[in-house]
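The following report walks through selected strands, a helix and a few side chains of one model. Please keep the sequence and the structure in view while reading.

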Amino acid sequence: SKPIVAIVGRPNVGKSTLFNYIGKNRLSIVEDMPGVTRDRIYMDAEWLGREFTMIDTGGIEFETNDKILTAMRNQAKLAIDEADVIMFIVDGKTGMTSADNEVAIILRNTRKPVLLVVNKVDNMKNEADIYEFYNLGLGDPIAISATNALNIGDMLDRLVENM
Ligand code: GDP
Ligand code: MG
């Protein structure tokens, strides 16, 4: 079966935007039933002929009253259990937050590959925004912009190398 790639990160960092962008070529195949409105959580995608299944863990509702941090810990644990590769998305505009740190602590304890993706680097002249994220202890961060479609190819190259 196809490798599973879990997309993890705090709310509003751009997980769903990236998820939909990567999976857009397959959207027509897995279109939802008419009248059914819900966030898509699983989506098939491919890069350079390598097929994989993505999970947008942010689309999963754990408990209605879950605090953000609890929900993020649950996301990270789910990703560690279910995924072959984890994409940890952080926000280059906001910078590093304590919630990012909490998730990183969990992700550092897995042997599964973790790709640290700094989204919202909308102009690569701001690429220095990624350096603080080395402090998460998850290797080299990669700068992307999901809305401006910047560096997504390089990110996917790194993803399939780790599958
Ligand atoms: P999620 O909560 O992590 O799934 O985040 P969303 O995908 O819903 O995005 C949250 C907001 O960030 C939306 O308004 C997006 O348009 C915006 N966003 C996503 N990616 C980028 C990006 O690369 N650059 C900028 N400037 N905004 C982005
Ligand atoms: Mg989302």
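Strand E3 (residues 50-56) is mostly covered, with five of its seven residues buried, where buried means under 20% relative accessible area, exposed over 50% and partly exposed in between, computed with a 1.4 Å probe on protein chains only. Helices (H or I, at least four residues) and strands (E, at least two) are DSSP runs that are numbered from the N terminus. This is a predicted model, in which local features need pLDDT of at least 70 and side-chain atom pairs count only at pLDDT 80 or more, while totals for chains, interfaces and linings use all residues. Residues are numbered from 1 along each chain as its sequence is written, chains are lettered from A and ligands numbered from 1 in the order in which they are written, and side-chain values use heavy atoms, with hydrogens and water left out.

Two strands count as paired if DSSP finds at least two bridges between them, and the pairings of E3 are set out here.

| Strand paired with E3 | Sense | Bridges | A bridge pair |
|---|---|---|---|
| E1 (residues 4-8) | parallel | four bridges | Ile4 with Thr53 |
| E2 (residues 42-47) | antiparallel | six bridges | Trp47 with Arg50 |

E2 and E3 also form a hairpin with two residues between them, and Leu48 in the turn has a positive phi of about 50 degrees.

Helix H1 (residues 15-23) has Lys15, Leu18, Phe19, Ile22 and Gly23 buried. Seen down the axis of H1, these buried residues fall within an arc of 120 degrees, so they line one face of the helix; the arc is that of the directions from the helix axis to the C-beta atoms. An α-helix has 3.6 residues a turn, so residues three or four places apart point the same way. The buried residues of H1 pack against E1, E2, E3, strand E4 (85-91) and helix H4 (152-161), with contact meaning heavy atoms within 4.5 Å.

Asn119 is found in strand E5 (residues 114-119) and is buried, with a relative accessible area of 4%. Leaving aside neighbours within four places in sequence, Asn119 is in contact with ten residues' worth of listed partners, including Val13, Gly14, Asp91, Lys93 and Ser145.Rings of Phe, Tyr and Trp (its six-membered ring) pair if their centres lie within 6.5 Å, with planes under 30 degrees apart counted as stacked, over 60 as edge-to-face and the rest as tilted. By this rule the count comes to one aromatic pair: Tyr131 and Tyr134 are stacked, at 6.3 Å centre to centre and with 15 degrees between the planes. Tyr131 is exposed, with a relative accessible area of 52%, whereas Tyr134 is partly exposed, at 40%.
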